[in-house]
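Trainee: I've got a fresh model open and I'd like to work through it with you. Could we take it one question at a time?

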Amino acid sequence: MNLQQLVRKNVWNMKPYSSARDEFKGEASVFLDANENPLNDKYNRYPDPLQWSLKQKIAKVKNIASENIFLGNGSDEPIDLVIRIFCEPRIDNIVAVDPTYGMYQVCAEVNDIEYRKVLLNENFDLDAQKLLEKTDRNTKLIFLCSPNNPTGNLLSREEIKKVLDSFAGIVVVDEAYIDFASEATWLNDLEKYPNLIILQTFSKAWGLAAVRLGMAFASAEIIKLFNKVKYPYNVNILTQNFVGDELDKLELRKQWIATLLEGRNYLINELPKLPFVEKIYPTDANFILVKVEDANSLYKQLADKGVIVRNRNSVSLCAGCLRITVGTDKENEMLIKTLRTL
């Protein structure tokens, strides 16, 4: 892979903004370099723009070098950045499976990039050959969400490998739900594939959706490009400190995952007993895609009783489907109890 040929020329040649905290690193007794207010101690100083302390803690948990980590405002920030780094507006294009996470297309359209969809097969799985046939010389990115949203299943590892081996551009594998899956992350293969970017998040298994912190893992060269284009202080000090403390709760996180997997099994066992449920699709996530007789009507009936699920009836290949997130034991039981009354 020739990284320079893939990156937009203006991005490759640009000089990044240099903040005060970039230019001086270390300890000092007097900081008069960043036009900060010195009178509100604790929160008056700009945070580390590259979040090194937090990255070091994440590196130990993920067993990966800090230089291979980018942190952003949710996963949506690295999704947007990777498009801005590699795709020339009105010239380049992106290829992704369909259905999948909607922000890939939104970010592509915001950046004026053609977005090409390739339908998954009848098992909601990836056909690598079909996907690759949709690419051309101007295809810079491929997005693959695994486990996929809204279908819930892992995409075939062998098919993803075919894409990585054959595609000359950048492959983004979004692993937002990987902690609930039966297979290992692609992080272990990062050194093998210089064109691979892996996305993960603190929003799901870590239970920190409100905190908004996403992770991108890639070669050190690609991470440098992320840091070149991002806003100077994209992750605030409150988030950095809070997530740093949460990383000490590994055992509690394991308990949460085990509890959610038990809840998932409960729903998988109970939902088929309802007469209007036609199919439960296999899932490796913390949600279940369920096909019912009348998704629009059932969604409204549940909402009227204060139970909110996601109606996916209008999404490709998901006609008649509701997406149900695994809740607490009480919430799961309330859902089933409510459904039995309909």
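What follows is a chat that goes from the overall fold down to single residues.

Mentor: Sure, and keep in mind that this is a predicted model. Fire away.

Trainee: How many helices and strands are there in the protein?

Mentor: Both kinds of element are present, so to speak, and the count is quick to give. The protein has 13 helices and 11 strands.

Trainee: Why is the protein called as compact as a globular protein of its length?

Mentor: Take the chain length, 342 residues, and the globule rule gives 20 Å. The C-alpha atoms fill a box of roughly 70 × 50 × 35 Å along the principal axes. The radius of gyration is close to the rule's value, so the protein is as compact as a globular protein of that length, at 22 Å.

Trainee: What share of the contacts with a separation of 6 or more comes from residues 24 or more positions apart?

Mentor: Some background on packing helps here. Buried residues make up 52% of the 342 residues, and carbon and sulfur atoms supply 48% of the roughly 17100 Å² that the protein exposes. As for those contacts, the share from residues 24 or more positions apart is 68%.

Trainee: Which residues are closest to the centre of the largest pocket?

Mentor: The largest pocket has a volume of about 470 Å³. Its lining splits by class into 9 nonpolar, 1 polar and 6 charged residues. Of the 16 lining residues, the closest to the centre are Arg21, Gly26, Phe31, Tyr46 and Asp48.

Trainee: Now a charged side chain: is Arg8 buried or exposed?

Mentor: Arg8 sits in the loop between helix 1 (3-6) and helix 2 (9-13). Leaving out residues up to four places away in sequence, Arg8 touches Arg84, Ile85, Phe86, Cys87, Glu88 and Pro89. Its relative accessible area is 16%, and the cut-off is under 20%, so Arg8 counts as buried.

Trainee: And Gln5, buried or exposed?

Mentor: Gln5 lies in helix 1. Its C-alpha atom is 9.6 Å from that of Gly169, and the two residues are 164 residues apart along the chain. The relative accessibility of Gln5 is 61%, with the cut-off at over 50%, so Gln5 is exposed.

Trainee: Which peptide bond ending at Pro99 is cis?

Mentor: Pro99 is in the loop between strand 2 (93-98) and helix 6 (103-110). With a relative accessible area of 0%, Pro99 is buried, and its contacts beyond four places in sequence include Leu120, Asn148, Pro150, Val315 and Cys318. Omega is near 5 degrees for the cis bond, the one from Asp98 to Pro99.

Trainee: How far apart in space are Pro99 and Val110?

Mentor: In sequence, Pro99 and Val110 are 11 residues apart. Going C-alpha to C-alpha, their separation in space is 19 Å.

Trainee: What is omega for the peptide bond that joins Ser146 and Pro147?

Mentor: Pro147 is found in the loop between strand 4 (139-145) and helix 8 (157-166). The bond joining Ser146 and Pro147 is cis, with omega at about 0 degrees.

Trainee: What is phi of Lys42, a residue other than glycine?

Mentor: Lys42 is in the loop between helix 3 (20-23) and helix 4 (52-62). With 62% relative accessibility, Lys42 counts as exposed. Its phi is positive, near 95 degrees.

Trainee: And what is phi for Arg90?

Mentor: Arg90 is in the loop between helix 5 (76-86) and strand 2. Arg90 is exposed, with a relative accessible area of 75%. Although Arg90 is not a glycine, its phi is positive, at about 65 degrees.

Trainee: Last one: how far is the C-alpha atom of Val171 from that of Leu196?

Mentor: Val171 belongs to strand 5 (residues 170-174) and is buried at 0% relative accessibility. Setting aside neighbours within four places, Val171 is in contact with Ile142, Leu144, Val163, Leu164, Asn195, Leu196 and Ile197. Val171 and Leu196 are 25 residues apart along the chain, and their C-alpha atoms are separated by 5.1 Å.

How values were computed:
Residues are numbered from 1 along each chain as its sequence is written. This is a predicted model: local features need pLDDT of at least 70, side-chain atom pairs count only at pLDDT 80 or more; totals for chains, interfaces and linings use all residues. Side-chain values use heavy atoms; hydrogens and water are left out. On a 1 Å grid over the protein atoms alone, a cavity is a set of points where a 1.4 Å probe fits but cannot get out, and a pocket is an open set with protein on both sides within 12 Å along at least five of seven lines; lining residues have an atom within 4 Å of a point. Grid points are joined across faces, edges and corners, and a volume is the space filled by probe spheres set on the points. Ala, Val, Leu, Ile, Met, Phe, Trp, Tyr, Cys and Pro count as nonpolar, Asp, Glu, Lys and Arg as charged, and the others, Gly among them, as polar. Helices (H or I, at least four residues) and strands (E, at least two) are DSSP runs, numbered from the N terminus. The radius of gyration is taken over C-alpha atoms; the globule rule is 2.2 Å times the number of residues to the power 0.38. Buried means under 20% relative accessible area, exposed over 50%, partly exposed in between (1.4 Å probe, protein chains only). Contact means heavy atoms within 4.5 Å. Accessible areas come from the Shrake-Rupley method with a 1.4 Å probe; for residues, only the protein chains shown count as cover.
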